[in-house]
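Open the model in a viewer and keep the selection panel at hand. The stops below go from one strand outwards to its sheet, then to a helix, then to the whole chain.

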Amino acid sequence: MSTSLIDLDRAHLVHPVASYRTHEQLGVRVIASASGATVTDSTGHQLVDGFAGLWCVNAGYGHESIVEAAAKQLRTLPYATGYFGLGSEPAIELAAELAKRAPGDLNHVYFTLGGSDAVDSTIRFIRYYWNMRGKAAKDQFISLEQGYHGSSTIGAGLTALPAFHAGFSVPYAWQHKIPSHNVYRNPVGSDPAAVIAASVAQLRQKVAELGGPERVAAFYAEPIQGSGGVLVPPTGWMKAMRDVCRELDILFVADEVITGFGRTGPLFACSEDDVVPDFLTVAKGLTSGYVPMGAVFMSEHVYQTLADGAGSSAVGHGYTYSAHPVSAAVGLEVLRLYEGGLLENGRKAGARLMEGLNSLKNHPLVGDVRGRGMLAAIELVVDKEKKTPFPAAAQPSRRIFDRAWNNGLVIRAFADGVLGYAPPLCCTDSDIDAIIQRTKLTLDQTL
Ligand code: PLP
């Protein structure tokens, strides 16, 4: 790679969620091109992208039909605002197509630029909702430890990962956490019923601590905790939490920014969980990462409350790029691809991925294998019996990332020894087999 590009990056490009100093030392790796599930760096090194960029390129790279959809829209109408009662064809069509497929009565769609502002928007809408219902005291929010809900100023408060808070000093006194369901490391053990009962009790207890349901606005959960280490709750967990929220009149927000659009099998993971939330947030797979876009789905009662409450006044929430027509055109094409075989392929590839990862269970370093569909993780431990976490000192995660990279595989190496997988849904059998074989090689080199 040209040294000047590394130097220019070092000098000018501030990277997201990075140790700036470490990055300066190590230098950037430039991804130059990609096709299907394969990315090529600027030295010509080819790798299977086992993480679909950042769990987002669900359709895989190089789909001409997506490029065409964007180009056509750019030529026809590159921009239209949704303000002043205006709109664009693709945005309206995409909202309608999504509403048709969303669980239950999530009939209303507000488009954002990504996941963080989708979560942020729900907080604004929820405050508005309770004010319109004359329950302004319901202003406390609850989410899960190890949860990730983005890094916007307000929404980051729902995110429980320490790096997103250390040093930022933003007060989040109104945002609260309860423990994760983490089945591998739960103090109540791994029995599904016990894990669910513990979470239900913790939610009820937190609500009581906060002064009862009349103080609590909403509870947020990912159907599978992604950035917290791909933590898969027991079957029935989402439903049990949803039922508590309904009973206590607390809004339930399902954050499907990662799990949406085929990542776990169906278009929405909530459908598999038999859950209809009050709000559902998506991004990433919505446009397969080709262009930025996120969305907030609102259930019928939420939308009607906002609309009635505002009456002839404006609900003052929106962006210049809300419902961007180019992103919407891409979203429509990506949706067509999902239903034209990608979801089906993802389901098959997901079964192969899980089978392959499970075959590594006997490896001396592997403590846990977990996942659903094309979303998976293995957790490395020093001692399987004691589940001693893989040491986080001296950046082992970066070393594992490096080893995998050199072996032709992109994975996410979390700091605590968890390796994350979220390959494109277009993966062939040989892509999946390469992911498994290169993972095994990487683990052997890590022993
Ligand atoms: N919510 C969840 C569950 C996520 O995983 C993410 C990002 O990974 C976000 C929100 C934030 O999305 P974005 O990075 O598009 O702002």
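**Start at S9 and S10**

Select strand S9 (residues 279-282) together with S10: the two pair in the antiparallel sense over 4 bridges. Strands (E, at least two residues) and helices (H or I, at least four) are DSSP runs, numbered from the N terminus, and two strands pair if DSSP finds at least two bridges between them. This is a predicted model, in which local features need pLDDT of at least 70 and side-chain atom pairs count only at pLDDT 80 or more, while totals for chains, interfaces and linings use all residues. Residues are numbered from 1 along each chain as its sequence is written. Within this pair, Val296 of S10 has Thr281 opposite.

Now select residues 294-298 alone. 5 of the 5 residues of S10 are buried, so the strand is largely enclosed by the rest of the structure. Buried means that 20 or more other C-beta atoms, placed from the backbone, lie within 10 Å of the residue's own; exposed means 12 or fewer, and partly exposed is in between. Gly294, Val296 and Met298 point one way from S10, Ala295 and Phe297 the other way.

Add residues 108-112, strand S4. S4 pairs with S10 in the antiparallel sense over 5 bridges, and Thr112 has Gly294 as its bridge partner.

**The whole sheet**

Extend the selection to the open sheet of 7 strands, in the order S4-S10-S9-S8-S7-S5-S6, with mixed pairing. S4 and S6 (175-178) stand at the edges with a single partner strand each, so one side of each lacks a neighbour in the sheet. Neighbouring strands are turned by 20° against each other on average, direction ignored.

At the S6 end, S5 (residues 140-144) and S6 run parallel, joined by 4 bridges; Ser143 is the bridge partner of Lys177. Helix H7 (residues 192-209) packs on the sheet, touching S5, S6 and S7 (216-221), and its direction makes about 150° with that of S6. Axes here are lines fitted to C-alpha atoms, for helices over the stretch in contact, with angles from 0 to 180 degrees between N-to-C directions; contact means C-beta atoms, placed from the backbone, within 7 Å.

**Helix H11**

Select residues 325-358 and look at Glu339, where a kink of about 60° in H11 is centred. The bend is the angle between axes fitted to the seven residues ending at a residue and the seven starting there.

**Zoom out**

The protein has 13 helices and 16 strands. Its C-alpha trace spans about 60 × 60 × 45 Å along the principal axes. Buried residues make up 47% of the 447 residues.

Methods
Contact = placed C-beta atoms within 7 Å.
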